[in-house]
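Let us walk through this structure together, one stop at a time. Keep the picture open beside you and look for each place as we come to it.

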Amino acid sequence: SDLALDAVVDLDVPGPTINRHLYGQFAEHLGRCVYEGFWVGEDSPVPHEGGIRLDVVEALRELRVPNLRWPGGCFADSYHWRDGVGPREDRPRIANVHWGDVVEDNAFGTHEFLALCELLRTEPYVSANVGSGTVQETADWVEYLTRDDDAPMARLRREHGRGEPWPVTFFGLGNEPWGCGGNLRADQYASLARLHSTYARDLSGNTLQRVAAGANEDDYAWTETLMKQVSQRLGDEEPAPLFQAVSFHYYTIPGTWGAKGSATDFDHDTYWTTMRKAHRVRALIRGHSAVMDAYDPNARVALALDEWGTWFDVEPGTEPGFLYQQNTMRDALVAAVHFDAFHDNARRLRLANVAQVVNVLQAMVLTEGACMLRTPTFHAFAMSAGHQDASALAVHDVASRGTRAVDGTDLPTVSTSASVKDGSVLVSLTNLDPAAPARVRVALRGGSVMPDGATVLAAPEGAGSDDAVRAHNTFDAPDAVAPRELTTVSLTTTGAQSTLEATLPPASFATVRLALT
Ligand code: AHR
């Protein structure tokens, strides 16, 4: 058969919920992410609300961003939150030693971040400073954010103009403590995380999900050290675990750390290597999950991939410390591969944050002065929003999966996942092959369905195979890569089974919607 994918989905066997927080975003004080990307200031000619630019907010609302992680990243472990509250003219200037060594004026602080979350209708993920901060700073910040009475920090917040506390969902206990967050050993960090977690209290009815800063890539020993702390307190009679989530970070870097490769100028071999590396996220999620299963079989503690995405060389001529890179169809396909891995591992993996939301690494939007564009990755997120809080449906491959030998491994050339929610089925289909279309067939059993639309993201029709993966949006042509209707799709029903068949263009990501009848 010429089918690149021949699969079966049982509609009446819903799997775990795909937590909406798997579609989280990340905004660090890094380059032009917070400053310029979100914050333009109250005197800016760019349309804004309270200094926060509205074009970016309006675009991101299309993604239904479930949570936003801030202020870092490496920056979090040098950030002292008191520098960013109170009258702006009184705030101290600080050096951002991690990212370009630029001096910041702290115009964007706690109140501005929470105002941004309110504008985006998203839940905050605040990361504490464990590397260079104190436990008292952590305790005070939580009190400032969430306490609703006359306690000292709640009173200070009121003096700064905010009466009600904010609901805060996630609270990170430092970041990359094995590196920029202190060069700590796992056992050193575990002790510090226990301490900060204890003083990051649930106040005034707010319940924090505390995220312990986890491993780099496949450092499973780090995860095990953290899970040992948690398991001492797990069990039916025990109080809630010290941390509600353990994170890890994994970036897709086609080359080496020193020469990562261009975001837009790459050959087919580099493209396929990028896809192989993106696929690795699946093995990493499973590896960390297996360690956690041994200590927490009921999955009370979540796995969080709170930094992921492509990392290329910066755009020529831009400041190396600002991590500004273009974003092509290759990036969108990397995202699609990640989403499928997330959906397949949704029982344990319940939080993820792409790095980063605007102007940094694998961004959703890019800005230049008053202009803004949506990247191909933006569109992949928008097309996948229907998976948020849906039940995962296993896609059983029965035959003919296309594969390609890449760097000595067999890489599937089609990636897929499916979910169901409120009578609506969403099937994601990705063809990684830049040189050939892919024919796919999915048999749908255990329910009857009607077609409800299909969308595809790919380079403009007629693009050659190089352009199929390098296609991107520019400020001159901001909609060169944009979703369009997928017309090469059909649904036939015979007896109790429907069959979805589609031809996916080269290097494309498609979503097919079906209504349960
Ligand atoms: O996202 C950029 C940086 O990558 C983050 O600050 C850090 O946590 C990671 O190394």
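Start at Q356, where a polar side-chain atom lies 3.0 Å from an oxygen atom of the ligand. Of the ligand's 280 Å² of accessible area on its own, the protein covers 95%. Keep in mind as you look that this is a predicted model.

Q356 has something else to show you. A cis peptide bond joins A355 to Q356, with omega about -10 degrees. To find the spot, follow the chain to the loop between β13 (349–355) and β14 (365–368), which is where Q356 sits.

Now turn back to the ligand. Which other residues bring a polar side-chain atom to an oxygen atom of the ligand? One of them is Y251, with such an atom 2.8 Å from a ligand oxygen. Another is N175, where the distance is 2.9 Å. Stepping back a little, you can count 13 residues around the ligand, and the closest are E28, C74, E176, Y251 and E307. Sorted by class, this shell holds seven nonpolar, three polar and three charged residues. The space that the ligand takes up is the largest pocket.

Next, a look at the backbone. Most peptide bonds are trans, and most residues other than glycine have a negative phi. Besides the bond before Q356, which is cis, the bond from G72 to G73 is cis too, with omega near 15 degrees. You will find G73 in the loop between β5 (67–70) and β6 (94–96). For an unusual phi, go to S204: its value is near 50 degrees, which is positive although this residue is not a glycine. S204 belongs to the loop between α5 (186–199) and β10 (209–216).

Finally, how confident is the predictor in the protein chain? The mean pLDDT is 96, and 98% of the residues reach 70 or more. Confidence is highest in helix α9 (residues 376–384), at 99, and lowest in strand β17 (residues 395–399), at a mean of 87. As a reading habit, where pLDDT is low, predicted coordinates should not be read in detail.

How values were computed:
Residues are numbered from 1 along each chain as its sequence is written. This is a predicted model: local features need pLDDT of at least 70, side-chain atom pairs count only at pLDDT 80 or more; totals for chains, interfaces and linings use all residues. Side-chain values use heavy atoms; hydrogens and water are left out. A residue is near a molecule or strand if one of its heavy atoms lies within 4 Å of it. A polar contact is a pair of N or O atoms within 3.5 Å; within protein, one must be able to donate a hydrogen and the other to accept it, and residues adjacent in sequence count only if both atoms are side-chain atoms. Accessible areas come from the Shrake-Rupley method with a 1.4 Å probe; for residues, only the protein chains shown count as cover. On a 1 Å grid over the protein atoms alone, a cavity is a set of points where a 1.4 Å probe fits but cannot get out, and a pocket is an open set with protein on both sides within 12 Å along at least five of seven lines; lining residues have an atom within 4 Å of a point. A molecule sits in a cavity or pocket if more than half of its atoms lie within 2 Å of its grid points. Ala, Val, Leu, Ile, Met, Phe, Trp, Tyr, Cys and Pro count as nonpolar, Asp, Glu, Lys and Arg as charged, and the others, Gly among them, as polar. pLDDT is the predictor's confidence in each residue, from 0 to 100. Helices (H or I, at least four residues) and strands (E, at least two) are DSSP runs, numbered from the N terminus.
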